[in-house]
Amino acid sequence: MCEIMRSLVILSLLCYWVYMTTHSHKSSISVASQSTEGTLFVNGTAAIGFIDDDFVCATIDWWPPQKCDYGTCSWGSASVLNLDLDNAILLNAIKAFSPLKIRLGGTLQDKVIYQTEESQQPSTSFLKDGSELFGFTQGYLPMSRWDQLNIFFNKTGAVVIFGLNALRGRTISSQGDAVGAWNSSNAESLIRYTVKKGYRIHGWELGNELSGNGVGTRVAAGQYASDTKSLQSIVQNVYAGFEAKPQVLAPGGFFDENWFTEFIHKTPLSLQVVTHHIYNLGPGSAGDLIQKILDPSVLDGISQTFKSLQSLLEKSNTPAVAWVGESGGAYNSGHNHVTNAFVFSFWYLDQLGMSASYDTKTYCRQTLIGGNYGLLDTNTFVPNPDYYSALLWHRLMGNKVLSTSFPGTKKLRAYAHCSKKTQGITVLLINLESNTKVQVRVSTESPGKLSYLNFQGLRGSKASQNVREEYHLTAKDGELHSKVMLLNGKALSVDSSGNIPALEPITVGSSDPTTVAPFSIVFVHIPGITVPACK
């Protein structure tokens, strides 16, 4: 009998070990969790970067429902041509940002013909054809659809960037190069139609992923510079008499230092924004995406790209600034239950924080909707966790970026900005540890100011300065694959009318450290910290 009981105990322990091993990416926050503490140092002497008010941006792509990756077709009706513009959730999701930058573009933009009055009327757009560049035939943008889109953007207050077809007029050589000058006539026709109709466009971007080695094909840097000058000339001409003219953006591709250096040096007066793309986690089919997302060394790896582009712009005779024009983390449409789940907010918010610290002005997420990496669900339009992460960033993180350092665990990622439209600073804390909570105190290195954030020396300070506001983000049931995000323990969801929920903080006494639970994210608004950079 004793032997049977002993065997049952061993079997139970074995089953428990197997369960914990196979559920290693599930957060389990319990009394058994470990705890550590540390001080986050925020240098408020001067800002290290400046971001746009509408830093958060999202894309709408051109992919048709027939776009499939690894046997999965994840695009549905989420393209520029077929997205349901009457959906209440979509309308409210964009309006909540007031404003949200939206970039219309992607691979197939370089195969689109605009059906302006001067254009030949088309047939069906984007038929699947493996013999065609990018696997699809040409597409067409009817002006009736362009009208619908602009009415929608006006209603939502969106700030629009439109990606133009940069391959028109070129031929593809046997070596895979796109040869010849850009034929700008169709693009100019669209721009003139847009101005005639009174539609507001924030920026016109030339091409998609044709820089460096390109994706599918490529254009030489010198030729691309010449084409960008042509676009700038068109914009200046068509918008003559307008006090504010749209920006010219390019090249919308992956950073190649030699290519970008030549391109930027040859466009000193014709380019306002240098756009580059990021998919640093590899293909959406990769089985180790979560391991990469939770690995600080992988997250840090892309910093060299930000640093190199920042240095290049500083050394060049150009007023152009850097944007991330498209970034979905994992290419080929992402990975269901990873790039549209809670775990992806670790990567996404870290990207926002890191890019801002290198003076990136805008960051466009692939996608607003579509594929497996949308801020909104492709079929239901219900916000995925990253939507709420993006909205909190947009509302809390101000223009000025502050330097931070956390000497404790490398799995505690930390970023700080001057607070948005209010006093103080806002800190973003990301805990990649699975079973260790981190107690964080904030210290400012500003001379003559506070040491630790306990405010006991602030005699006569306002009551609001003796507290802080915290927004704790966790996954439902601690499951990193969950598409439900909890804010301070409450599930975030739209109501029956498609309204975005209020994002309310908890109020905490300033003398207490911030507790960052395992596998969690915390925004901390600290109104009582005043630093020179934020004045």
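## Two pockets in a predicted model

Author: The second largest pocket takes at least three lining residues from each of domain 1 (34-47 + 404-452 + 462-534) and domain 2 (52-399). Those domain bounds come from an automatic or database assignment. The model is predicted: local features need pLDDT of at least 70, side-chain atom pairs count only at pLDDT 80 or more, and totals for chains, interfaces and linings use all residues. Residues are numbered from 1 along each chain as its sequence is written, and side-chain values use heavy atoms, without hydrogens and water.

Reader: Why is this called a pocket, and what is its volume?

Author: On a 1 Å grid over the protein atoms alone, a pocket is an open set of points with protein on both sides within 12 Å along at least five of seven lines; a lining residue has an atom within 4 Å of a point. The second largest pocket holds about 420 Å³, counted as space filled by probe spheres (1.4 Å probe) set on points joined across faces, edges and corners. Closest to its centre, of 21 lining residues, are Asp300, Thr404, Arg413, Ala414 and Tyr415.

Reader: What makes eleven residues of that lining nonpolar?

Author: Ala, Val, Leu, Ile, Met, Phe, Trp, Tyr, Cys and Pro count as nonpolar, Asp, Glu, Lys and Arg as charged, the others as polar. The lining therefore divides into eleven nonpolar, seven polar and three charged.

Reader: Which residues are closest to the centre of the largest pocket?

Author: Its volume is about 580 Å³. Of 20 lining residues, Ala158, Tyr199, Arg200, Ile201 and His202 are closest to the centre.
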